[in-house]
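Trainee: I would like to learn how to read a few features of a structure, one at a time. Where should we begin?

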Amino acid sequence: LLPQVDSANAGRVLASDAAVFLKKSGLTDLVLGKIWDLADTDGKGILNKQEFFVALRLVACAQNGLDVSLSSLNLPVPPPRFTDTSSPLLLSGTASSDLPWAVKPEDKAKYDAIFDSLNPVNGLLSGDKVKPVLLNSKLPVDILGRVWELSDIDRDGMLDRDEFAVAMFLVYCALEKEPVPMSLPAALVPPSKRKPLSVPGAMPLIPSSASTKESHQSLPPVGILAAKTPLTQ
């Protein structure tokens, strides 16, 4: 992967090039900023080969629901996934459309029953209607905030039937002590949301012509994952 972002073949990666590449992971800017800060140990806005591999490893950790921290580096995780159909080295994002949905039909039926009991309007539930159900799980508010963020796939502040099923699936996973992922795994994206392929947290790419300093500033600093959802209101 290094030659793709080390265009000058200098054995190092500039922040501008790394930002464009890392955004293809589908992780949010907040998570990517934390990954960058951990990998760029000297704060120069440049990664050497070793630091770049640390960044890739942290991307894999985040994609598999592990904490983005140096202590996660020794844990066994699959390789990081990037959506770039132009490269045979990277896993194509289009393949995810063929994945079976992680929500089983029998579970979907249960989630649909709960959904219908909440009196959806035009097939949608507002945050106010979903909030009591989520809070009833007694999970921490920051976890519930992440559940909402991941399940509101189209970012409209409402959940449709499929998005609500994703929310319920994540809540039950959390109740079983499974970590809530930092980004929505491809297998959990409802089939109805996969065309066109949606990449959570997709943002306009940082122009590669931007200076190293500007590019580094465009990656957010490490911050606590805040529940930016109706749950906190």
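**Reading the features**

Mentor: We begin with Arg 146, which lies in helix α7 (residues 141-151). Keep in mind that this is a predicted model.

Trainee: Is Arg 146 buried or exposed?

Mentor: Buried means under 20% relative accessible area. Arg 146 has a relative accessible area of 16%, so it counts as buried.

Trainee: What does the side chain of Arg 146 reach?

Mentor: The side chain reaches the backbone oxygen of Val 180, at 2.5 Å. In space, the C-alpha of Arg 146 is also 9.0 Å from that of Ser 183, with the two positions 37 residues apart in sequence.

Trainee: Next, a whole helix. How many residues of α4 are buried?

Mentor: Of the 15 residues of α4, 11 are buried, so the helix is largely enclosed by the rest of the structure. Among them are Phe 52, Val 54, Leu 56, Leu 58 and Val 59. The helix covers residues 49-63 and reaches 21 Å from its first C-alpha to its last, close to the 21 Å expected at 1.5 Å a residue.

Trainee: How should I think about which way side chains point along a helix?

Mentor: An α-helix has 3.6 residues a turn, so residues three or four places apart point the same way.

Trainee: Which residue caps the N-terminal end of α4?

Mentor: That residue is Asn 48, with a side-chain oxygen 3.1 Å from the backbone nitrogen of Gln 50. Beyond the other end, just after α4, Gly 65 takes a positive phi of about 80°.

Trainee: What is the nearest side chain of opposite charge to Glu 51?

Mentor: To call a salt bridge, the side-chain nitrogen and the carboxyl oxygen must be within 4 Å. For Glu 51, the nearest side chain of opposite charge is Lys 44, at 8.7 Å, and Glu 51 has no salt bridge although it is buried. Glu 51 sits in helix α4. Leaving aside neighbours within four places in sequence, Glu 51 is in contact with Ala 39, Asp 40, Thr 41, Asp 42 and Ile 46.

Trainee: Now the aromatic rings. How many aromatic pairs does the structure hold?

Mentor: The structure holds 3 aromatic pairs. One of them joins Phe 52 and Phe 53; this pair is tilted, with 6.2 Å centre to centre and 50° between the planes. Phe 52 counts as buried, at 1% relative accessibility, whereas Phe 53 counts as partly exposed, at 40%. Another pair, Tyr 111 with Tyr 172, is stacked, with 5.9 Å centre to centre and 20° between the planes.

Trainee: Where in the chain are Tyr 111 and Tyr 172?

Mentor: Tyr 111 is in helix α5 (residues 105-117) and Tyr 172 in helix α8 (residues 161-175), so this pair links distant parts of the chain, 61 residues apart. Tyr 111 is buried, at 5% relative accessibility, while Tyr 172 is partly exposed, at 42%.

Trainee: What is phi of Arg 155, and where is the residue placed?

Mentor: When reading phi, check the sign and then whether the residue is a glycine. Arg 155 has a positive phi near 55° and is not a glycine. Its place is in the loop between α7 and β4 (158-159), and it is partly exposed, with a relative accessible area of 46%. Lys 177, also not a glycine, has a positive phi of about 70°. Lys 177 is found in the loop between α8 and α9 (212-218), and at 75% relative accessibility it counts as exposed.

Key: Residues are numbered from 1 along each chain as its sequence is written. Side-chain values use heavy atoms; hydrogens and water are left out. Helices (H or I, at least four residues) and strands (E, at least two) are DSSP runs, numbered from the N terminus. The expected span of a helix is 1.5 Å times one less than its number of residues. Buried means under 20% relative accessible area, exposed over 50%, partly exposed in between (1.4 Å probe, protein chains only). A polar contact is a pair of N or O atoms within 3.5 Å; within protein, one must be able to donate a hydrogen and the other to accept it, and residues adjacent in sequence count only if both atoms are side-chain atoms. Rings of Phe, Tyr and Trp (its six-membered ring) pair if their centres lie within 6.5 Å; planes under 30 degrees apart count as stacked, over 60 as edge-to-face and the rest as tilted. Lys and Arg count as positive and Asp and Glu as negative; His and the chain ends are not counted. Contact means heavy atoms within 4.5 Å.
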